[in-house]
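Student: Could we go through this structure together, one question at a time?
Tutor: Gladly! Have a look at it first, and then ask away.

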Amino acid sequence: ISSGYLHYSTESKLLDCIEEELLAKYEMQLLEKENSGCVALLRDDKTEDLGRMYKLFSRIPKGKEPMAKLLSKHIESEGMALVNECNERAQTLKAEAASKPKTKASRAERRNMESTETVFVKKLIKLHDKYLHYVQGCFENDSLFHKGLKEAFENFCDKQVANSTSAEMLATFCDNLLKKGSGEKLSGDSIEDTFEKIVKLLAYVSDKDLFAEFYRKKLSKRLLFDRSANEDHERSMLARLKQQCGAQFTSKMEGMVTDLQLAKDTQARFVEYLDNNPEKKPPIDLTVNVLTTGFWPTYKFVELSLPRPMAQGIEIFKEFYDLRTKHRRLTWIFTLGNCQIKANLAKKFDLNMNTMQAACLLLFNSEEKLSYSEVRDRLNLPEEDVLRLLHSLSCSKYKLLVKDPPGKTISKKDHFELNTKFTDRMARIRVPLPPLEEKKKILEDVDKDRRYAIDAAVVRTMKARKVLKHNELMTEVVTQLSQMFKPEVKMIKRRIEDLIAREYLERDENNSNVFKYLA
């Protein structure tokens with residue numbers, strides 16, 4: 001329009017003058033107006049007005065920077081409100097649970113109940129979708145506004161919600177999407193779209209190594225206990241994580257998926273071996289998953305004394321396995337095993353239970369009554385495991401053993417016998433074994449891995465540079481490790497002192513602030 005009224009020689013000068021007088025001088029006043037400023041437009045979802053505001057302030061030098069800062073501040077305030085809301089919800093639910101009598105929720109009620117963590121992640125995805133749409137549309141994919149979005153999410157994504165980190169909550173949310181029987185029923189396209197959004201959120205989380213460990217632990221359970229709903233979805237999620245975080249991030253997880261397929265092939269060859277050698281057939285049906293130690297999380301190893309039929313089955317499998325691989329040693333993880341037992345009690349039952357529970361129950365095939373110490377000695381298990389096993393079989397929902405004297409806790413003076421009068425309306429029963437606290441161990445494993453990572457980064461840097469000042473070394477180490485986690489300064493200092501003690505480094509004699517690499 002101006003070109004029709006203004007002469008070409010003065011047009012640009014006049015426009016610069018107008019922009020300076022009407023926009024630049026009053027920029028912050030206009031942007032911070034209560035009912036028509038940038039925050040008001042963001043709050044009221046005025047997308048068209050935001051687009052016009054962006055184009056208007058793009059005309060003046062550095063006119064976009066205040067808008068980007070206001071966007072970032074607004075997103076952060078909404079994110080912190082979300083964190084506080086979910087923390088309050090968690091406290092309310094905890095208070096309600098403590099005040100109400102313990103009653104079992106119906107299946108429908110349990111299905112409709114969503115955990116605080118799930119609610120938080122869903123709202124986080126929704127919040128990110130909304131403002132990413134604003135950045136791509138209203139602000140024309142401007143890098144300044146992408147940076148503002150990133151900084152805002154980084155500031156509140158690392159906050160604790162209901163005593164859980166964002167890394168843990170994202171891993172749990174993924175587990176709910178990928179396992180069988182979860183409440184999250186999404187179509188193929190919807191689930192792929194959700195994967196994409198989760199990976200985008202993961203980019204804002206500083207403790208990516210913590211997410212990896214929680215995800216790997218949950219993936220192992222889905223694979224080993226056949227709880228994975230779709231193998232293609234598992235591979236798709238791993239591919240996205242690999243693209244976002246690098247090949248090293250997913251190498252163990254991809255190894256687990258491949259490993260399980262190889263284990264199935266080994267089991268098929270074992271079945272073929274038994275068909276060709278009928279005299280070797282074990283007294284029980286045996287399925288074995290042979291896994292590579294390096295890929296899988298570490299699991300508790302126990303020297304369980306197995307009942308004779310189980311022990312025979314294991315010996316036969318060892319013979320078969322040694323025919324193919326003579327230099328590999330098998331370590332049996334009975335804590336992950338699963339057994340199907342046929343029981344003739346008040347009526348016939350098919351019992352599904354852990355291998356250690358089955359070994360405990362089978363002791364009563366030949367004995368009418370056993371004391372706590374006799375059960376412990378015959379199973380050759382630590383006290384904590386024996387207590388957990390006997391509690392699951394005599395004090396929980398399915399009382400397959402009768403405890404003398406009766407009670408809800410196990411004492412070392414107790415005696416046990418098979419409950420021949422046990423009955424239930426279901427013929428097929430899964431007898432649960434209370435899980436051990438895993439979160440603490442995962443955090444310990446991550447902390448140990450971080451120490452190794454810091455050691456490696458320090459040695460790698462010093463090997464390349466030979467001599468380096470303290471501050472320069474600290475900066476280099478933080479830069480190298482920031483893609484996976486944010487190392488604490490105190491922790492780096494402790495690792496440097498440890499490396500000095502182990503004679504990888506030394507301090508300069510004349511300047512204690514300078515380190516030298518020892519070849």
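Student: Over which residues does pLDDT stay under 50?
Tutor: This is a predicted model, where local features need pLDDT of at least 70, side-chain atom pairs count only at pLDDT 80 or more, and totals for chains, interfaces and linings use all residues. Residues are numbered from 1 along each chain as its sequence is written, and side-chain values use heavy atoms, with hydrogens and water left out. pLDDT is the predictor's confidence in each residue, from 0 to 100. For the stretch you ask about, the model has four contacts (heavy atoms within 4.5 Å) beyond four places in sequence, and the stretch is residues 103-113.

Student: Why should I be careful with low pLDDT, and what is the average pLDDT of the protein?
Tutor: Where pLDDT is low, the predicted coordinates should not be read in detail. In this protein, 93% of the residues score at least 70, and the average pLDDT is 87.

Student: At roughly what angle do the axes of H13 and H14 cross?
Tutor: Helices (H or I, at least four residues) and strands (E, at least two) are DSSP runs, numbered from the N terminus. Axes are lines fitted to C-alpha atoms, for helices over the stretch in contact, and angles run from 0 to 180 degrees between N-to-C directions. The axes of H13 (residues 247-276) and H14 (residues 308-324) come within 11 Å, and they cross at roughly 110°.

Student: Which word describes how H13 lies relative to H14?
Tutor: Angles under 35 degrees count as roughly parallel, over 145 as roughly antiparallel, 65 to 115 as roughly perpendicular and the rest as oblique. The crossing is at roughly 110°, so H13 is roughly perpendicular to H14.

Student: How many charged residues are in the contact of H13 with H14?
Tutor: Among the residues that meet are Arg269 and Phe270 in H13 and Glu319 and Arg324 in H14. Ala, Val, Leu, Ile, Met, Phe, Trp, Tyr, Cys and Pro count as nonpolar, Asp, Glu, Lys and Arg as charged, and the others, Gly among them, as polar. By class there are seven nonpolar residues and one polar, and the number of charged ones is three.

Student: Which residues of H20 make the contact with H19?
Tutor: The axes of H19 (residues 470-481) and H20 (residues 489-501) come within 11 Å and cross at roughly 115°, so these helices are roughly perpendicular. From H19, the contact uses His470, Leu473, Met474, Val477 and Val478; from H20, it uses Val489, Ile492, Lys493 and Ile496.

Student: Which strands are the edge strands of the sheet E1-E2-E6?
Tutor: This open sheet of three strands has mixed pairing, where two strands pair if DSSP finds at least two bridges between them. E1 and E2 (residues 348-354) run antiparallel, joined by seven bridges. Each edge strand pairs on one side only, and these strands are E1 (338-344) and E6 (428-430).

Student: Which residue in E2 is the bridge partner of Gln340?
Tutor: Helix H15 (residues 355-362) lies across E1 and E2, at about 130° to E2. Within E2, the partner of Gln340 is Asn352.

Student: Which residue in E5 stands opposite Asp404?
Tutor: The other open sheet has the order E3-E5-E4, with antiparallel pairing. E4 pairs with E5 (residues 415-418) over four bridges. Opposite Asp404 stands His415.
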